[in-house]
Amino acid sequence: MDLDIEHLKTWIGKTRESRDVISPRLANSLAAVLDEAPALNEGDRPPAGIHWCLSPDIAPMSGLGPDGHPARGDFLPPVPLPRRMWAGGELVFSGEFRVGDEVIRRSRIADIALKTGRSGTLCFVTVTHDYLGPRGLVLNERHDIVYRPLDTSAGRRPRETPLPEPARTEEVDANPVLLARYSAVTFNGHRIHYDRDYCQREEGYPGLLVHGPLQATFLLRLASRMNGDRPPSRFEFRGVSPLFDGGHFFVNAARVDQSCRLWVRSGDETVTMEAKTE
């Protein structure tokens, strides 16, 4: 498949601004997905990861691609590789969200680059988001998206990296209802999270995939709990391996000097996401 990187790079610098409100319904819906008591009112602090529920791409059914995502070529470049996945990102907090806030999100395509991985050519698109609320700037986010070919790497175990003994571990049941509810609260139509037949027949996965931002939300929540129920000033995360439904996964944290190291481990002991804080 020909990939015209110079054409794709013409998207660098493209911007978009959107507005959304952290309504009590939205905050309580995410709280319920995270198995927290949905009893939030205006002025309360919303659950960790609420920003990933704000300003989703809203396209009519006729404007969706075969994978359930909005068709490419508008804000995001038309990368001609079939798989689009979250690769990771970084969050830098300078304030707090509150239920009832109107939030402005200013987004920009920051970079587009080609790399070669075990599965072939990879295209990385870096998007930055600034979230501004009534009290000013709350969050700077770097969002790394990877486009990749279809391959059989889902069954390969990633290279293991040494991990410390966890100081805290939380267990999560990766069942289809969890994935469906998170897709609903984020208005995510990507079929890999709810259409098992599509996952297996079209993309070669053994099961439904647990969302990257959902895993990152559990990690961010644990990092906040380790930080006196406040979000860390900086939170960086990256996907390591796909995480599938059908079992439990474990969210782990360990203190390293003045920061935290965090990771998600599947039931078969595969690390699927890693994170660190400052």
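This passage describes the strand arrangement, a pocket and two residues of a predicted model.

The strands form an open sheet of ten members, in the order β1-β3-β4-β5-β2-β7-β10-β9-β8-β6, and their pairing is antiparallel. At the edges of this sheet lie β1 (15-21) and β6 (168-174), each of which pairs on one side only. From one strand to the next, the twist averages 20°. In general, the strands of a sheet pair through backbone hydrogen bonds, in either a parallel or an antiparallel manner. Within the present sheet, strand β3 (residues 102-117) runs antiparallel to strand β4 (residues 120-133), and the two are paired over 13 bridges. Arg105 has Tyr131 in β4 as its bridge partner.

Ile12 is located in the loop that lies between α1 (5-8) and β1, the latter being one of the two edge strands of the sheet. The relative accessible area of Ile12 is 30%, and the residue is therefore classed as partly exposed, a category that spans the range between under 20% (buried) and over 50% (exposed). When residues up to four places away in sequence are not counted, Ile12 touches Ile109, Ala110, Asp111 and Ile112. These contacts fall within the stretch assigned to β3 (residues 102-117). Ile12 and Val125 are 113 residues apart along the chain, yet their C-alpha atoms are separated by 9.1 Å. Val125 belongs to the stretch assigned to β4 (residues 120-133), the antiparallel partner of β3.

A second element considered here is helix α5 (residues 212-225), which supplies four residues to the lining of the second largest pocket, the largest share of that lining. This pocket has a volume of about 430 Å³ and is lined by 22 residues. Arg45, Pro46, Pro47, Ala48 and Ser224 are the lining residues that lie nearest the pocket centre; of these, Ser224 falls within the range of α5. By residue class, the lining of the second largest pocket comprises eleven nonpolar, four polar and seven charged residues.

Arg225 also lies in helix α5. With a relative accessible area of 30%, Arg225 is neither under the 20% limit for buried residues nor over the 50% limit for exposed ones, and so counts as partly exposed. Apart from residues up to four places away in sequence, Arg225 touches Glu36, Arg168 and Glu170. Arg168 and Glu170 fall within the range of edge strand β6 (168-174); the contacts of Arg225 thus link helix α5 to an edge strand of the sheet.

Notes: Residues are numbered from 1 along each chain as its sequence is written. This is a predicted model: local features need pLDDT of at least 70, side-chain atom pairs count only at pLDDT 80 or more; totals for chains, interfaces and linings use all residues. Side-chain values use heavy atoms; hydrogens and water are left out. On a 1 Å grid over the protein atoms alone, a cavity is a set of points where a 1.4 Å probe fits but cannot get out, and a pocket is an open set with protein on both sides within 12 Å along at least five of seven lines; lining residues have an atom within 4 Å of a point. Grid points are joined across faces, edges and corners, and a volume is the space filled by probe spheres set on the points. Ala, Val, Leu, Ile, Met, Phe, Trp, Tyr, Cys and Pro count as nonpolar, Asp, Glu, Lys and Arg as charged, and the others, Gly among them, as polar. Two strands pair if DSSP finds at least two bridges between them. Axes are lines fitted to C-alpha atoms, for helices over the stretch in contact, and angles run from 0 to 180 degrees between N-to-C directions. Buried means under 20% relative accessible area, exposed over 50%, partly exposed in between (1.4 Å probe, protein chains only). Contact means heavy atoms within 4.5 Å.
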